[in-house]
Amino acid sequence: MLPAQLKTTDFASYPPQAQQVATAHLALLQQLPLAFAGILLREVIAYDWRFPAERRQVDGQLTHLGAMTATELTQRMQGFAGLRLNSDLERTKWVTNPSGFMEQLTAWLWSTHQMEDFKRIADSYAAYLSEVMPSPPPSMPRLGIVVAGQGVAQADYPLFRKLRPQGVHLTRVKPESGLQILMEAAAKRASDDPQAARSFAHWYIDGGTALASSGLTQVSYDGLAQTRTMLLNRTQQLIQSGGMGPEALRSLLAQMKPEDVGLVSKAGAPPDESVLNHFQLSLLTEGSGTQIFATTFVQWAARECLRRAQPETVLSRYAPRQEMQPMNAMLSGAKAAAPDPRGSLVDADMGAYYTWLNMTRLPGADQIRFLAWFEGHQEAVVIGPGLPRGTSSDSPMDMHQVLKLLA
Amino acid sequence: MAAKQGWDRREFLRAAAGTAASSAMFGFSPLRALNRPRGQKAVVVTFGGGARDEETFAPDGQENIPRMLTELIPQSTFFTQVINHGILGHYVATASLATGAYETLNNFALTPPQSPTVFEYFRKDLKRPAQDTWVVAPSNGFNKIGCSDNHLYGPNYGAQVLLPKQLLTAAMGGRSGIDYEHLLRDNYESPTSTPTPQTQAEDIHKTAEILKLSLDDFRSHAQSLASPDELSVFIARQLMQQQAPSLLWITLHDIDIAHSGAYSLYIDGIRRSDRLCAEIWQAIETNPEYKGRTTMFILPDFGRDSDLNPGGNGFQHHRTGDALSRTTWMMVMGPGVRQNVVVDRPVDSLDLVPTLGSLLGFSPKLAKGQPLREVL
């Protein structure tokens, strides 16, 4: 089937809001080239589970393209329309399973050496969208906090090497009550924001057991222990059933629902809970290594929440991951190996850098406040407007004073 | 971007190892013809899982590759820009390196390359026996890399493929693998590990016989090894001792643990690979069958994603197809190869097979790419 043949009944299996969106823009969808239509429908079909920032992007894009004349639209879609596709792709269930379509499209583009062209076209389109419908700036300057090194008595590794050139390296932070102060600071930002509860604007991600927090959207590795076990068991079943290549496995995982792995919204829970459940499931089904390593989980969760929810506060706390075991054992849900705090500190150090990089990709990048702290120790780095880059300070200061540097 | 990366590598090397730019030193008249040793051999080492400059040649990364910087690069001609224009999956990319043509096969399927491999050209043109060319590969998915399904070549001219894990699995003979499981990791690109290909017991014993290795000794030694790549290098050394193949291809993949997202494990993999490459060269230099007549090529199959590409997740994958993930390096060392020299011009991954052809004296008729004149 080609986009021109689309009918409203083709969206019958879509969740309610997605169905409404697709139906409302049927005339536009019918005019799109197949490759682009599949990509767009992958966003639309998940509309009910998307964060507000993502919905805004989908709505804006559909409205913008829908307002174009036929000539303008053809011109804008020229690159996508010029990709050489095959008839197998037309025969896929690209409307009801756009993720599966994307897997096949990707394989086709690689095998026909069109991937570079596709990336160029997609980058150009993304740049165009950013120009015509820029994301709104945050209501307050974004704050990123990364707490690394839980359980490490002494670092034998030069920490924050990649972050230090961006800000001030602090070497005499008083660690007492540091974590508590940071948690309170994040919670205060949430309580000061009247839209916080509905907008997924303030996050707390923990690689171990989450601490009590108020007003923050919370995700933790331990909190998803049951889900991870169920997911790994399901993965094993699929692998053992035979004939399951990685693409097919990925497609099947992508179609899982939160309730399949124990993420059930309580009766009467607000829709936000369902959105969060879908997000948590995606961390485990789309992330690589998030199911087995707590450090990877935190880094990926921070990346995805920044990319998708565009929050104003993110506090990420790393906890020790398990030591390396044979991959088959880890994926089969075997008992976790002993923790590796030292290796985890190295992972977290890189993860902190990646979190800062991901923050710089969002609107308001020039106003970012960022803190990475070696938990329980005196070492930290702070980055923010007015803070001199590539400098260090050995002035003693407690965590309140550190935060004041970022005020 | 690729050119900048190549320039960066040259500057890093100049600072670290005092290497010289090639064009300043030589006009590249073909030196090898003057002193090509009799019984020329070649050892190719590829990494299935590239390492980025940040973790290797850049100032902060140099601590991870001390053996390459101090022992290997000073003896080698180093190409700073080796560009892979093909599919960035490890099996298909390694198959492309081995055929000299960009393969389009399914990266995760047990299928042979479409174009003839370097092993087939070598054996057919030079009328070499099967035991004269071997592949030691880490992943069960590489089972079919020894020969293509091209009707002019094919299995009669292919390499012997040795999958150490297959050997170890068979050697365990149904016993508990608890002591060996760390050596049985398969590829890291996918959660679905490729099943171990079925092997007859007699084949295993034949392989053990070829390696002059009792299965008990093998089991015992395997227990002392830390990773699949160490197992591969152990097997490769046995092969060199017992069979002295003229064309030996070793594929390492410990670095690809990066796909798990654990940066420290990725760094551990780089350090181990650095050590193992030096050990392979040592094995060449201390083996009379190889010393003075062997050219070694070391190259990653491709790179990894840049930290700065928002489409990727930095070191973890090689999915963006950006310049960093496509541009890698190669070092070549051995008799007649200029030492401590850097070549800045961009070359193609496919140039490896024609270069091996010129070096060993066979004609890779269907391969693309050009012989690298700087090492011939």
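**Talking through a predicted two-chain model**

Colleague: How many of the 15 residues of α10(B) are buried?
Modeller: This is a predicted model, and in it α10(B) is mostly covered. The buried set includes B:L231, B:V233, B:F234 and B:I235, and polar or charged positions such as B:D229, B:E230 and B:Q238 are on that list too. Out of 15 residues, the number buried is 12.

Colleague: Which elements are among those that cover the buried residues of α10(B)?
Modeller: The cover comes from both strands and helices of chain B. The strands include β4 (133-136), β5 (160-162) and β6 (247-252). Among the helices are α7 (164-172), α9 (215-222) and α11 (263-285).

Colleague: What length does helix α10 of chain B reach from its first C-alpha to its last?
Modeller: Helix α10 spans residues 228-242 of chain B, 15 residues in all. At 1.5 Å a residue the expected span is 21 Å. The model comes close to that, reaching 21 Å.

Colleague: Which residue with a positive phi follows α10(B)?
Modeller: Past the end of the helix, phi takes a value near 45°. The residue there is B:A244.

Colleague: Is B:K206 buried or exposed?
Modeller: B:K206 sits in helix α8 (residues 201-210) of chain B. A residue is exposed if 12 or fewer other C-beta atoms lie within 10 Å of its own. B:K206 has 11 such neighbours, so this lysine counts as exposed.

Colleague: Where in chain B is confidence lowest?
Modeller: Chain B has a mean pLDDT of 85, with 83% of its residues at 70 or more. Its highest confidence is in helix α6 (residues 118-126), at 98. Over residues 23-30 the pLDDT is below 50, and beyond near neighbours in sequence that stretch has 7 contacts in the model. The element with the lowest mean, 48, is helix α2 (residues 22-25).

Colleague: And why be careful with the coordinates where pLDDT is low?
Modeller: Low pLDDT marks places where the predicted coordinates should not be read in detail.

Colleague: Over in chain A, which element gives the largest share of the side of domain 1 that touches domain 2?
Modeller: The assignment gives domain 1 (3-132) and domain 2 (144-405), and 9 residues of domain 1 are in contact with 12 of domain 2. On the domain 1 side, α4 (52-66) and α8 (98-111) are the elements that give two or more residues. That side divides into 5 nonpolar, 2 polar and 2 charged residues. With 4 residues, the largest share comes from α8(A).

Key. Residues numbered from 1 in each chain as written. Chains lettered and ligands numbered in written order. Predicted model: local features only at pLDDT ≥ 70, side-chain atom pairs only at ≥ 80, totals over all residues. pLDDT = per-residue confidence, 0-100. Contact = placed C-beta atoms within 7 Å. Domains from an automatic or database assignment. Expected span 1.5 Å × (residues − 1). Buried ≥ 20, exposed ≤ 12 C-beta atoms within 10 Å, placed from the backbone.
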